[in-house]
Amino acid sequence: MKRRTWIAETLDDAGAKAQYDGHVKRILGSRQVLARILKGAVAEYKDYSPEEIEAWIEPGIEIANTSLRPGEKENKMLLITGDNTESKVPGEGTVTYDIRFRAYVPKRRRAETVKLLVNIEAQKKFYQKYRIVTRGIFYGARMLSEQLDREFTDAEYDDLKKVCSIWICMNAPAHIGNAMTEYRISRRNILGRIPERKASYDKLSVIIICLNEKDDKNQRGGLHGFLNTLLSPSMSVTEKEEILARDYGIVMEQEMGEELRQMCNLSEAIEEKGIEKGIEKGIEEGIEKGINLTKKVLRYVREGRNNEEIAELCGITIEQVHEITED
């Protein structure tokens with residue numbers, strides 16, 4: 001039976017709120033989306049297909065504040081077991097990443113495989129109280145220092161893995177438009193030339209991707225066209241899905257475990273579901289309260305609360321929570 005994929009369901013859930021913090025993290029956390037971001041932004045992947053890159057992303061992708069659907073912890077499409085999104089270093093405070101994962105780049109001429117540590121951050125606007133590139137360097141530096149006793153031990157510094165911190169800035173001002181810039185460690189020979197492999201110092205890359213839906217530059221078919229479509233607050237879900245499938249090869253249906261619909265607005269589908277669940281449970285207050293109860297339960301599920309907490313907060317039984325949340 002054909003069922004909708006993680007990204008298709010997530011786009012449905014987000015609706016016009018694709019740029020809202022919780023939704024944008026889930027949308028960008030799709031393996032299909034990550035593969036296309038890597039291909040379009042990271043030099044190591046430019047010669048590979050999105051389908052190849054998907055296979056090289058570790059099964060675990062850690063998404064901040066995102067909980068799994070109850071009962072599907074073994075679903076590899078959703079398994080959240082990658083790097084923890086919280087980085088705590090004594091004396092240096094805590095950094096919370098939006099998305100973190102590991103990805104690999106097979107070398108075609110030899111058996112060696114390169115591992116990259118990747119961080120994706122979403123920003124709703126370009127101008128902040130700080131420079132995004134500076135924050136990106138800090139995030140990348142933290143991901144480098146964290147590798148001690150994880151990726152390498154003692155003085156084995158050659159095992160240090162390259163870090164890519166990618167910042168996606170939505171709603172860029174018109175004078176920037178659609179743009180992408182990479183900041184990285186490079187070599188400049190000042191006197192003579194010290195022989196050194198690029199792989200020994202090419203360890204940190206900060207990539208800033210600016211999006212402007214109204215800017216026609218570098219749009220259709222490329223990374224900016226893909227992300228502008230994916231994160232558009234004005235485009236309908238139906239239109240998005242049609243463009244993403246037709247122009248970018250995003251799979252919207254396949255044989256897979258169906259995802260939990262975590263709607264954030266009262267669409268017609270939610271109203272119908274609320275009415276159905278309300279009738280099934282014989283809620284004395286009527287259909288309207290049944291809808292509201294369903295919305296409340298789904299909201300708590302989206303926040304990552306367990307069934308016991310939801311039951312207590314909503315004043316219903318755990319069995320009723322389970323009935324509302326199951327498809």
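**Exercise 1.** Is Ser 232 buried or exposed, and what is its relative accessible area?

*Solution.* The structure is a predicted model, and in it we first locate the residue: Ser 232 sits in the loop that runs between helix H7 (223-230) and helix H8 (237-248). Next we take its relative accessible area, which is 1%, and set this beside the cut-off, since a residue counts as buried when the value is under 20%. Ser 232 is therefore buried. As a last step we look at its side chain, where a polar atom lies 3.2 Å from the backbone nitrogen of Ser 234.

**Exercise 2.** Determine how the rings of Tyr 48 and Trp 56 are arranged as an aromatic pair.

*Solution.* We begin with the total, which is seven aromatic pairs. In the pair formed by Tyr 48 and Trp 56, the centres are 4.7 Å apart and the planes make an angle of 85°. Ring centres must lie within 6.5 Å to pair, and planes over 60 degrees apart count as edge-to-face, so the arrangement of Tyr 48 and Trp 56 is edge-to-face. Both of these residues, Tyr 48 and Trp 56, are buried.

**Exercise 3.** Which residues do ring pairs link into a cluster?

*Solution.* Following the ring pairs, we arrive at a cluster made of Tyr 97, Phe 138, Tyr 139 and Trp 167.

**Exercise 4.** Describe the protein as a whole.

*Solution.* We start with the secondary structure, which consists of 12 helices and 10 strands. Turning to burial, we find that 49% of the 327 residues count as buried. The accessible surface, finally, comes to about 17300 Å², and carbon and sulfur atoms account for 49% of that surface.

Methods:
Residues are numbered from 1 along each chain as its sequence is written. This is a predicted model: local features need pLDDT of at least 70, side-chain atom pairs count only at pLDDT 80 or more; totals for chains, interfaces and linings use all residues. Side-chain values use heavy atoms; hydrogens and water are left out. Rings of Phe, Tyr and Trp (its six-membered ring) pair if their centres lie within 6.5 Å; planes under 30 degrees apart count as stacked, over 60 as edge-to-face and the rest as tilted. Buried means under 20% relative accessible area, exposed over 50%, partly exposed in between (1.4 Å probe, protein chains only). Helices (H or I, at least four residues) and strands (E, at least two) are DSSP runs, numbered from the N terminus. Accessible areas come from the Shrake-Rupley method with a 1.4 Å probe; for residues, only the protein chains shown count as cover. A polar contact is a pair of N or O atoms within 3.5 Å; within protein, one must be able to donate a hydrogen and the other to accept it, and residues adjacent in sequence count only if both atoms are side-chain atoms.
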